[in-house]
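Student: I am new to this structure. Please take me through one part of it closely.

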Amino acid sequence: MAGRVFDDGRFPVHVRRGHAGIGLLRMIRNNRIRSGGSMHAPDGFLTAGTAVATGVVSAGGIGLALRRTREALADRAVPLAGLTGAFVFAGQMVNFPIAAGTTGHLLGGALAAVLVGPWLGALVVAVVVVVQALLFADGGLTALGYNVLNMALVPAFGGWAILRLVRRIAPATRRGIAVAAGLAGLGSVVLASMAFSLEWLFGASAPVPFDRVLAAMVGVHTLIGIGEGIITGLVVSAVLASRPDLVVGADGLDLAGPRTRGIGRFVVGAGVATLVVAAGVSQFAADDPDGLQAVAEEQGFADRAGDHGLSSSVFADYATRGVADERVSLALAGVAGAAVTLAVGSGLALAARPRRDRGPDDPGDDVVAPGEARPSRPGA
Amino acid sequence: MGAGHSHPLHVHGHSVVHRLAPHVKVLATVGYALALATVPDRAWWAFLLLALLVTTAVVAAGLPVRFVATRALVVVPFVAFGALVPFVSSGHDAAWGPLSWSTAGAWAGSAIAWRSLLGVTASIVLAGTTELPRLLAGLERLHVPPALVAIASFMLRYLEIVAQELARMRAAMTARGHDPRWAWQLRPLATASGALFVRTYERGERVHLAMQARGWSGAMPPLREDQPDVGTPLAVAWAATAALVAIAARVMPS
C-alpha cells in the first residue's frame, strides 16, 4: 500500500507491487518521487528567528481563520473541509503536462480559496502542508512557519483579493469567473514567491543579495504561476459547469448571461503581459519543476540552507550580504512588500466583509449545505 | 487495510516506540528536527551522532530496513542536490583533475544531504509507528485546535479513496489514448480534476448526512488515549541527547 498516494495515477493498478514495493526507477519514471511540494522548504532554509516569526504569523492567521469558520466547522464544514483537503492533496499529485513531457503540478492555495472561500481554503491548505511535513516528510518540521505562510495563507488571501478585483471588471459569466480564478492562481504563486523573498531579506542564511533572490524567485514562479493559473481556471470552469453552487467565489454567477467575447482578448492581453514580465525578469531555466530548488541552484543559496545561526541577528550583517545596489534592493523590497501586504491585506478585508448577495456575514455561507437550492441551468 | 486504524506509511508492531505516547513521540521528533536544523554545516561528527540516534530509534521500533530504505527514497532529489552544491557554488577553491569545486559548498552540500536524510528518517519512524487515531489524539493533547485535528482526520481517512478515484480516472483516460505532453492538451485533465472536486465534495455531503443520521452533534467525539504512557523517559532522553549533540556542535570550534 505504501506509496499509493505518491502515484500520479498514470499506470493502472496492476503495475504496482504490494507493500512498499516501489522501484526507484519506476518512481522516477512516474515522477512519483515528488510527493507534492513545489515550495516545501527544508529545515533551516531561513534563520531560526525568521522561522519563529513566520510561525507566529502563521499561527495567528490559522487562529483567525478558525474563528471565522467556527460556526461552519461546528457542523457541516468539518467533513467537507476534510474532503476538500484530500482533493487539494490529490490535486498536487496530478502532473500536468507543460512541454515535451515536462510536468508541473498544482499548488492549490488559490483554487481552494475560490472553491470553498478564503477562510476555509487557507485552513484546508494549511492542514495539508502540516500533514505533509508530519507524515510525508515533505518540508521541514522547523520550516512549517514559513511554509504555511507562503503556501497557505498568502496564496489563499492574495488569490482571493485578485479574484474579487478581477471579478469587478470581468463579466459574471462562467468564463469571466474562470478567468478571474485563473489570474488569482497566477497571482497567488507570484505573491508567494515575493513573500519568500521578503522572508529571505530578513532571514537570509547565505550571502545572496535580496534583489537577485527576488528576481529569480519571481521569474521562475511567474512561469510556474502561468501553469497554476491555467489549471485553476480550467478546474473552476469545470466545476461551474456541473455544480456552480459549490464555488464560493462564483457568487452572482449569471448563467443566462451573454457569452462575452471581450474576455478572450482580455485573457490574451494578460497572458502576453505576463510572458513579457516573465521574460524580462528571468533568464532562468525553469525546466526543473521544483521552482524553489531551481532558484536555489541558480543562486547557490541553497548551499547555505541550514547554516543559520541562532546567534545571527536580523540586520547584523545585512550590509555585508553583498547587496549589489542598496537603493535598488530597498526599492524592490518596498515594491514587493507593498504588493504582498496590499494583496493579502485586501484579501483579508474582502474575506471579512459581508457580501451583499449572500445575506449577512455568516461564515457558514462559505459552505453550501447539502440539498441547498442549486441555480437552475438553462438547457442543462 | 483496516480503514481508519492504519495508513500506508504505518508498520504494525508492539515495540517501545510503537507504545510511546503519541504526543511524546511528536515532541521528540520535533526536538530532533530542531537539533538537526541547528547543527553547523561542518560538524560532520554531530551529524554522525544524530544518525546513530535515529538508527537507534529505527532499531528500537523494529521497522524493516527495506521499509525505511524505500520510504527514505523521497530524499533522493535533496541528496542529489546536496551532491551538486559544491559545483554550483561560487568561489571554487579546490580542484582534482578537471573538476573544481568550492569547499564551503561541499560542506553545505553534505549538510543538506544529512539534514534531509535524517529528518525524513525521523519522520518515517514517527509515521511508521503511530496509528492515525493515536497520532491525531497526540496532536489534540498538544493543544492543536480540535477543528484542525478533525479536518486532518477526515482528510487522511479519505485521501486514499480520493487518490484511487483519481487513479481510476487517469487509467480510464489513458485507456482512451490520452497521453498529454503539452500544455494545450491539459483541458481534459483539468476537467477531470474539476469532476474529481465535485465527486469529492459530494462524497463529503454524503458523509455529513450519514454522520447526522448517526447523531452527529457538531463536535468530534474525544480521541481518547487509552494506552498507558510507556517509555516517556526514554524518549525524553533520546531527544535530550539530540539537543546536547546540537549544542556541543555549536559550542565546539570546528
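Student: How much area does chain B expose, and what share of it do carbon and sulfur atoms supply? After that, please look closely at how H5(A) and H6(A) pack.

Tutor: Keep in mind that this is a predicted model. Chain B exposes about 11,900 Å². Carbon and sulfur atoms supply 67% of that area. Chain B has 254 residues, and 51% of them count as buried. Its secondary structure comprises 10 helices and 2 strands. Along the sequence, the order is α-α-α-α-α-β-β-α-α-α-α-α. Now consider the contacts in chain B with a separation of 6 or more. Of these, 76% come from residues 24 or more positions apart.

Now turn to the helix pair in chain A. Helix H5 of chain A covers residues 109-116, and helix H6 of chain A covers residues 118-135. Their axes lie 7 Å apart. The packing angle is about 140 degrees. Angles over 145 degrees would count as roughly antiparallel, and 65 to 115 as roughly perpendicular. H5(A) and H6(A) are therefore oblique to each other. The crossing of H5(A) past H6(A) is right-handed.

Which residues make this contact? From H5(A) come A:Gly109, A:Ala112, A:Ala113 and A:Val116. From H6(A) come A:Pro118, A:Leu120, A:Gly121 and A:Val125. Sorted by class, the contact has 6 nonpolar and 2 polar residues. No charged residues take part in the contact of H5(A) with H6(A).

Note on methods
Residues are numbered from 1 along each chain as its sequence is written. Chains are lettered from A and ligands numbered from 1 in the order in which they are written. This is a predicted model: local features need pLDDT of at least 70, side-chain atom pairs count only at pLDDT 80 or more; totals for chains, interfaces and linings use all residues. Side-chain values use heavy atoms; hydrogens and water are left out. Axes are lines fitted to C-alpha atoms, for helices over the stretch in contact, and angles run from 0 to 180 degrees between N-to-C directions. Helices (H or I, at least four residues) and strands (E, at least two) are DSSP runs, numbered from the N terminus. Angles under 35 degrees count as roughly parallel, over 145 as roughly antiparallel, 65 to 115 as roughly perpendicular and the rest as oblique. A crossing is left-handed if the near helix is turned anticlockwise from the far one by less than a right angle, and right-handed if clockwise. Contact means heavy atoms within 4.5 Å. Ala, Val, Leu, Ile, Met, Phe, Trp, Tyr, Cys and Pro count as nonpolar, Asp, Glu, Lys and Arg as charged, and the others, Gly among them, as polar. Buried means under 20% relative accessible area, exposed over 50%, partly exposed in between (1.4 Å probe, protein chains only). Accessible areas come from the Shrake-Rupley method with a 1.4 Å probe; for residues, only the protein chains shown count as cover.
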